Amino acid sequence: MNSTLSNAITSRWDTSIASKLTEPDLLVYASNLLGSDPRITNFGGGNTSSKVEAVDPITGEATTVLWVKASGGDLGSATAKSFASLDLPKVISLKRMSESGTHEDEIVDLYKHCIFNLNPAAPSIDTPLHALVPFRAVSHMHSDAVIAVAACDWAFELTNEIWGDEMGFLPWKRPGFDLGLMLEKLIVESPNLKGALMQSHGFICWADTWEECYELTLKMINQAQEFIDSRGPDKAFGTLKPLPSERSHGGGAWVGVLANLLPMLRGRVAHEGQRLIACVDQDPVLLDFLSREKMEALAALGTSCPDHFLRTKICPMVLSGLSDIQTEIDKFKKSYAAYYERCKRPDSPAMRNPNPSVVLISGLGMVSFGKNAQEAKVTGQFYRNAIEVMRGAETLGKYVSLPEQEAFDIEYWLLEEAKLKRMPPEKDLSRQIAVITGGAQGIGLATAKRMAEQGACVVLLDINESALESAMDEVQKASGVPGSVTTAVCDVTSLDQVNAAFETAIRTFGGVDLLVISAGNARRGSVADTTDEDYDFLSNLLMKGYFLAARAGIQVMQAQGTGGSIVIVGSKNGTATGAGAAIYSAAKAFELHLMRTIAVDHAKDGIRCNAINPDAVLQGSAIWSGEWKKQTAANLGIPEDQLEDHYRKRSMLGVTVSTDDCADAICWLAGPHSTRTTGCVVPVDGGNREGFLR
């Protein structure tokens, strides 16, 4: 069958580029092309390999090296370091271990004895699939269209109908050495095959060159998609269920509950203190699936491809209403615990978080969870993949999920558990959502970067829109995790803008765990010469603005029920007023007492509140870039360029205080190393006797 679809995957192979590449580099090039198209494989899914002639650096003898995607990598962003290299004859010799009765999981540990040239990349569990195929280029992809065939009750018959004698069929087998041996046997028995469909899993194909293998991969996917499309996939999920008008396809009134729903939901899927980040998907295609008559029955079946349910669990939770979320969560947890008890083996790892990682809500969308923003998004994408697999399978026949025990054995595979244990420890602020007012500059920006470095998802609030754009780039770079930073233009004296900004945090990440209230400015004047305008400006910004942000953050934290931490950026002037700064100093004193009242009133909610008192933080500060700097220098009778030196000499320690110094103190107060501290003020002033707390 030749694909004639207008939306068929078209080749992006560029001979002018490929012809200049070495064999290992050609593997990277082909892998990037394949992995960058979600119609070909999901994020992190699939793997590729090349067999390349090389010389053993010790013996000087010729050998064949298997370059195969390393464990845990993503093809779309793969580099040369993303591939393991193994001495192919040694890998093939492991067959005798299998023949002598060694369990395939034990063979995996022997791969390290086959490493070529000390390559540190860990070989994929699918290494045998590639090693035992007698062709130089091998592609194993998780295309939705092909998995739909593999997960259909007619998979065996459809394989021949769609691909003819080019595609063989392998019944379900967990990835590993035994599956590799099954594939090798299939190729020996049918040497004209170009690929094999693996039931409920995906497909693998091969060729003598990577250009041929790349084109073959696309061809086989297009053939599957054309076959599905010719049979009317729009009818796969049945008729539309009647929904109240406000819930129909994301109706505005129903969507308006999202800000209230997400914090509650996020708080309830936390497990043993381990919070999760949320991602919301309201794509029209997804909303259509959620409104179909077959949705709940299909969702209950769970997913098929191992890559899918490793992230999505055996099945998602379907939330039909919002009246009692806790009851629905409890039902899901009870069901998951029963599944664990039914399927666990004597050596199974302990049960992990029994809460759902995917929640489906008709008329509203899908909420997916992960330990960071990228993982939450990928979890949702995987369930979107699962939906397309179901659509295709239901179009061709009946969707068949993996048997429960097989699903469990993948989810609680000891090799997967070992992989989890090898992962580096999480950072201090991982799984936390931080909202920072005044986050585009000064102390706020320095804190945002530090929190991002420590693993937090960060929401920057600032009135300066242009400054927010550049700040977001800086903070995202500090994070290193895609999608972990967002912004909201916000005048913190406006109730509507503050509420909208916190809703941005909720819709983007699911809630708020850390709140840093840093937005500020200053104007000079004694009580006698302070104008009404200056009074209103300072009291609104430094009192009302701090109050509005604190109240909004506390309300979200209360809804989550998982506690939280607030840090208020005060000032030395809040303790020891400076001359000619009457209202600024009074407002800063208000902030410190606001902090104390929050600490007292909301300790019962698990919410801590502390403050820092900085002094003379000139570098990067918006306050010190305007009239305040000029007026302060005039009051002191020194040139502006001598201010920093003046404050350094004035400090007891003889040091300059930077925004980074303030960020360090804020992160300590907000983070896991100060969990027994609340109602505290930490001076960050280099030592100022008048600022001592007493």
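This section describes selected helices, salt bridges and a charged surface patch in a predicted model.

Two helices were examined for their length and burial. Helix 12 comprises residues 258-269, and the distance between its end C-alpha atoms is 16 Å, in agreement with the 16 Å that its 12 residues should span at 1.5 Å a residue. Nine of these 12 residues are buried, so helix 12 is largely enclosed by the rest of the structure. The buried positions are L258, A259, L261, L262, P263, L265, R266, G267 and V269. In helix 9 (residues 177-189), the end C-alpha atoms lie 19 Å apart, which agrees with the 18 Å that 13 residues should span at 1.5 Å each. Buried residues of helix 9 are F177, L179, G180, L183, L186 and I187.

The charged residue R266 of helix 12 takes part in a salt bridge with D513, with 2.6 Å between the closest N and O atoms. Because R266 belongs to helix 12 while D513 is placed in the loop between helix 22 (495-509) and strand 15 (514-517), this pair ties together parts that are 247 residues apart in sequence. Both R266 and D513 are buried.

In total, the model contains 32 salt bridges. Within helix 16 (residues 325-343), K331 and E328 are three residues apart, about one turn of the helix. In an α-helix there are 3.6 residues a turn, so residues three or four places apart point the same way. The side chains of K331 and E328 form a salt bridge with an N to O distance of 4.0 Å. K331 is exposed, its relative accessible area being 52%, whereas E328 is partly exposed at 22%.

A further salt bridge joins the side chains of E404 and R342, at 2.6 Å from N to O. Since E404 lies in helix 18 (residues 404-411) and R342 in helix 16, the pair ties together parts separated by 62 residues in sequence. E404 has a relative accessibility of 32% and therefore counts as partly exposed. Elsewhere, R450, E453, D660 and D664 are joined into one network by salt bridges that share partners.

Finally, D208, E211, E212 and E215 form a negative surface patch. Of these residues, E212 is located in helix 10 (residues 210-229). With a relative accessible area of 44%, E212 is partly exposed.

Key
Residues numbered from 1 in each chain as written. Predicted model: local features only at pLDDT ≥ 70, side-chain atom pairs only at ≥ 80, totals over all residues. Heavy atoms only, no water. Patch = residues over 30% accessible without salt bridge, like charges linked within 9 Å, V, L, I, M, F, W, Y side chains within 5 Å. Areas by Shrake-Rupley, 256 points an atom, 1.4 Å probe, with all protein chains shown as cover. Lys, Arg positive; Asp, Glu negative; His and termini not counted. Charge placed at Lys NZ, Arg CZ, Asp CG, Glu CD. Helix = DSSP H or I, 4+ residues; strand = E, 2+ residues; numbered from the N terminus. Buried < 20%, exposed > 50% of the residue type's maximum accessible area, 1.4 Å probe, protein only. Expected span 1.5 Å × (residues − 1).
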